[in-house]
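Dear colleague,

Please find below the structure that I am handing over to you. I would be grateful if you could read the notes beneath it with the coordinates open.

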Amino acid sequence: MYNGVVRSPFAVLVAGLGFMAACGADDGGGDGGDDVPALAYCDPARGWSPTATALEAEIVSIVNQRRQAGATCGGQAMPAVAPLTADPALRCAARVHTRDMADRGFFDHTNPSGEQPWDRMELAGYLWSNAGENIAAGNATAAATMQQWMGSSGHCSNIMNADYVHLGVGHVESGALWTQVFGAPR
């Protein structure tokens, strides 16, 4: 299992080993998950549970609090950076991946069909210049999941990356699975 995965036009970085990996979050909406692009790819991200939607929104809030405060990631001081804006396409990519992990019983950035985070972002309609993903499992609360991510160098670095401007989050209650998808548009 990966701690985090990052892709830019210049390099791909997979950081550390651990219990979590990287992907996106959003503002949670309030619509039960229909605030995703009107693409067939996003159909599994609709009709989301109100509890999961609220927890996703909480992740976005905590991410932005952490970004505003600055952090230390794996012993490296990371300065405060601008907040992220929730993006519906990244929300779709995060939810579709989280649902897929729950349905097919895997935990990885690459699904059994070979789709990687940037593939899912593009299928959801997000054209990216920089992309990252964090995934996590096992915590039922947003606060505990964020603590887990901030305690991991790769995940923390994704959260604090100043190159990202958008975030999408997906949470599936069964299995306590989470995905954060980070992006900057082309």
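The notes below cover the nonpolar cores, one strand and its pairing, and the aromatic pairs. Please bear in mind that this is a predicted model.

The largest nonpolar core has 23 residues, and I59, M146, I159 and M160 are those that touch the most other members. Two or more residues each come from α1 (50–69), β4 (71–73), α4 (142–150), α5 (153–159), β8 (166–172) and β9 (177–185). Helix α1 gives the largest share, with 5 residues. Separate from this core is a second one of 17 residues, with A45, C92, W128 and A131 among them.

Strand β7 (residues 128–137) is mostly covered, as 9 of its 10 residues are buried. Its pairing with β9 is antiparallel and runs over 9 bridges; E133 stands opposite V181 in β9.

There are 2 aromatic pairs in the structure. In the tilted one, W118 and W128 lie 6.5 Å apart, centre to centre, with 50 degrees between the planes. W118 belongs to helix α3 (residues 117–123) and W128 to strand β7, so this pair ties together parts that are 10 residues apart in sequence. W118 counts as buried at 5% relative accessibility, and W128 counts as buried at 10%.

The pair of Y164 and F182 is stacked, because the ring centres are 5.3 Å apart and the planes are at 20 degrees. Y164 is in the loop between α5 and β8, whereas F182 is in strand β9, so the pair ties together parts that are 18 residues apart in sequence. Y164 and F182 are both buried.

With kind regards

Key. Residues numbered from 1 in each chain as written. Predicted model: local features only at pLDDT ≥ 70, side-chain atom pairs only at ≥ 80, totals over all residues. Heavy atoms only, no water. Core = buried A, V, L, I, M, F, W, Y, C linked by side-chain atoms within 4.5 Å. Buried < 20%, exposed > 50% of the residue type's maximum accessible area, 1.4 Å probe, protein only. Helix = DSSP H or I, 4+ residues; strand = E, 2+ residues; numbered from the N terminus. Pairing = 2+ DSSP bridges. Phe/Tyr/Trp six-rings, centres within 6.5 Å; stacked < 30°, edge-to-face > 60°.
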